[in-house]
Amino acid sequence: MPGNRQRVKRRDFLKTAGVTVAAGSVAIPELISPRALASNGKPGANERIRVAHIGMGGRGRGLYGEMRGLRDAGLCEHVAVCDVDDRRLEEASKIVGPQADVYRDYRYILERKDVDAVVIATPDHWHGVQFVHAAECGKHIYCEKPACCTIEEGKAMIEAARRNKIASQIGSQGRSQPEAYLAHRYLVNGNIGRVYRVDCWHYPSPVDKSHTPDSDPPPELDWDLWLGPLRWRPYNKRYLHGVFRWLLESGGGQIRDRGAHVMSCAMWWLGADGTGPVEVEATGTPPEEGLWDSCVEMKVTYVFKNPDWILTWNQPGEPVPPEERTGKEPGGKITRPGYGAVYRGEKGTMVHWGGDGGTWVEKKVREWVPPPGAKDVYKSPGHFEDWFEGIRTGKKTIMNVEAGVGVAYLCILGNLSYMLGRKLHWDPVKQEIIGDEQARRLMVRPQRHPYHL
Amino acid sequence: MEQLTVAKLIELLNSPDPFVRRDAWLAAGPLGAAALRPLADLAATGELEISRAANRGMWQIVRYVGAPGREELRRPAVETLGEMVVDTRLPVQLRRDIVWMLSEIIKDEEIDQASALPLLLDADLGEDVRMALQRVAGPNAIGVLKAGFTQAQGEHKTAIACSLRKCGIAIDEPPCPKLVPRKTTTVKPVGRDA
């Protein structure tokens, strides 16, 4: 959302970095020792962060575009791009410029000592493996959402980030939007009382009606590298590009695509990061035909305890019509009203639309004026800016890997309950499914050699 | 829907109406092991969408019989899948699917090492069998991986070593190559002088 993105001046950014935690009322603990920075190839305060991009399809190019303001402010430079599709790679090179090296295999980037950080925007089935590999090579990581496709991947990502002391940001950028801050502050100050239920809505997933048989991959595509961790199967053009989202193995459907946005807002605003449900029950309608197998329609209920609240994911659910706007609001006009959530509290309700790069809240929330003594909440300077602060100061980012994995687990558990056709019981402390051996097996999906954790 | 039988299931899956096929495979679970072979045959020979529906029916059965409290349905399903996985008349890709079906519901004590080892060393199925054994990760599964490690060659031996490490077994050589880049591109940076 370029309209939501403030241009950052290098001097302003450096002034902000490191003082936000102290000034804010929300505790964001340190992840990285500041002493670890500006050493071992890590960027110091006056150095540009040297970024490489892994995955330069639609989203990868979009993320590059979002970072150009930071590059122009002298905060970073783009030193390499990588894609398994040569046409996309060539296109990326044209966009990013001749100074950026080009690679098919992301591991060439990871072995370079002069790369500080990577932006991962590959299909979802690659996120866990590439995140862990990048962390093991000491790179700071911005990784598109959802963080992971399995419980095992999520645990490995958290462990790799901790062990290697890297700053991570998962791409649920709704948390960093201006109206997300307003919603968070509104809820924290008790305007609707204790929230006991959050109902998300989202339009249904598409059906592949193309009847496309398997075929040879096009010459520009490295099918083996595109599949990566997934078990081998013949190429079918309905796997890619972009449409990987509609396969349970890779994208996981709407719930793992947009659920990782809308439910991310709920977990952040309700202070539920680090917690999880104790029960998950899903029902859904699969496509009537085609390669894609994620739910067309779906309903998932998550039961949280201590504190008690309910989260539901509903395709299509009951969408709330978008409010009229002038476009001068902090988040601008509502351009994606097809998803959002209703927060139900003991004293009222709150509605938001979107939840990703566009996050919009009701007028009453925007216009609420905090009285003296009101609680403030952390205000992200922008999703990439917040990540850069994490890199330079060691501050924990707003959508750090622990938070991102926690949200991804909601999506994963919803899909597992749907696939198995039964309620799942989850231990949020041990992060394990309880009392169902088959479901426990599905927490793990061993990966194809050598593309594994 | 009237009482579903295996014959009726197969008839419905052959329907030209995709919604009829979907509702049929969704209802396949309680038919259990008895429906697996007919479904596999249909998956192997049917027109594209009918084959897909039959395959999804097999998965539906696996997810149904694997539920807690359905041991009397799970055991025969494992036996039937075990027979089909070695049936070379079935397409390789379907046999790979069957390996993954087994990985969800087979108990470690049901893995016969003498039968599983040739599958681990099989050129078509070996990689999927390796991953399935890693998922099960019990003493028998690990035993097959250890035996396979001593006999496998080249990259497959390396892959098995990685699986054994995942299962907590110390293996020094060969090292894990997961971070070693292998694939180069012919694309050059656009606009960069040679």
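The following questions and answers concern a predicted model.

Residues are numbered from 1 along each chain as its sequence is written, with chains lettered from A and ligands numbered from 1 in the order in which they are written. In this predicted model, local features need pLDDT of at least 70 and side-chain atom pairs count only at pLDDT 80 or more, while totals for chains, interfaces and linings use all residues.

Reader: How many helices and strands are there in chain B?

Author: Helices (H or I, at least four residues) and strands (E, at least two) are DSSP runs, numbered from the N terminus. From the N terminus on, each element listed for chain B is α. The count for chain B is 0 strands and 10 helices.

Reader: Is Glu47(B) buried or exposed?

Author: Glu47(B) sits in the loop between α3 (36-45) and α4 (48-65) of chain B. A residue is buried if 20 or more other C-beta atoms, placed from the backbone, lie within 10 Å of its own, exposed if 12 or fewer, and partly exposed in between. Because Glu47(B) has 12 other C-beta atoms within 10 Å, it is exposed.

Reader: Which strands are the edge strands of the open sheet in chain A?

Author: Two strands pair if DSSP finds at least two bridges between them. The open sheet of 9 strands in chain A has mixed pairing and the order β13-β12-β11-β7-β10-β9-β8-β14-β15. Pairing on one side only, the edge strands of chain A are β13 (359-361) and β15 (432-434).

Reader: Which residue is the bridge partner of Val280(A) in β9(A)?

Author: Strands β8 (residues 279-285) and β9 (residues 297-304) of chain A pair in the antiparallel sense over 7 bridges. In β9(A), Val280(A) has as its bridge partner Tyr302(A).
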